[in-house]
Amino acid sequence: MAEQNEALERIAAALERIAPERAESANWMTHPAYIWEGETARPVESIQTVGHERLRGIDTQKAAVLDNLKRLAGGAAAHDMLLWGARGMGKSALIRASVAALAADDIAVVQFAPGTLPSFAQLVEQLAPQERAFVLFIDDLGFGPDETDANLALRSLLDGGLVARPSHIRLAVTSNRRAIVGRDVSESEALHERDERDNALALADRFGLTLAFHPCDRATYLEILRAYTEPLGLEFDEEEALGWAIGRGNRSGRTAYQYACELAGRAGLAL
């Protein structure tokens, strides 16, 4: 019997040596941002973003997001947010810039790394006892026909489900489409397209604050561009700036930033 116990102890010791180390919980009170990696979070020292005041052409959206996050940081009731619409119009930048504009001690943003959405329950469990507001950030969300489980997981998170989500934890999701579904549907899937779309819209309806971002016109594009160039004392030719946008297929805040980067580079300046 003693020999058997000794053998079991040796086996247990060997298993303990080869077992992966348990991931340590992040310190959720020390950083303005974190990347959730499925079991633990990687802290981010500072939020790299354009200043909130330099985001142009989306004034209504800016005011709504900042007001909602101020409520959250202050302990008041706040909405989950869906920012949807044209690519490159500042959806993701607005979330980052708004959090950065608020006091880091009161609120932090936690971005889901790719493939980690199903582990939201573990994240909520870690955040629930913290005395700080958190924005769970899901960037560029889309669900294909084989991703129903992810759709349902997010719906469960929004509705509460079996996992209680405290009022100091809210979601911010960006997507190119309000329905949060892909455009590519084969003929064999046509019969299921309506059901998939209904599921996606049911998900979108669960956000208390839904904001649309539309492609910008010529005047707005140039206004956004000036927000980047004027602080550097740079001037530009409007026709060349518009040609830059045409060459990239759209007028957007991202395109304006890229052209401003080109101008700054020519002048030997940092943007």
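**Pocket lining and helix α2**

Modeller: With 4 residues, α3 contributes the most to the lining of the largest pocket. This is a predicted model, in which local features need pLDDT of at least 70, side-chain atom pairs count only at pLDDT 80 or more, and totals for chains, interfaces and linings use all residues. Residues are numbered from 1 along each chain as its sequence is written, and side-chain values use heavy atoms, with hydrogens and water left out.

Biologist: Which residues of the lining lie nearest the centre of the largest pocket?

Modeller: G88, G90, A93, R96 and R254 do, among 26 lining residues (those with an atom within 4 Å of a point on a 1 Å grid; a pocket is an open set of points where a 1.4 Å probe fits, with protein on both sides within 12 Å along at least five of seven lines). Two or more lining residues come from each of α3, β6, α7 (218-229) and α9 (253-266).

Biologist: What makes residues 59-73 helix α2?

Modeller: Helices are DSSP runs of H or I with at least four residues, strands runs of E with at least two; α2 has 15 residues. Its C-alpha span is 21 Å, close to the 21 Å expected at 1.5 Å a residue (1.5 Å times one less than the residue count).

Biologist: Why are the buried residues of α2 said to line one face?

Modeller: Q61, K62, V65, L66, N68, L69 and L72 are buried (under 20% relative accessible area, 1.4 Å probe, protein chains only). Seen down the axis of α2, the buried residues fall within an arc of 160 degrees (directions from axis to C-beta atoms), so they line one face. On the other side, D59 and T60 are exposed (over 50%).
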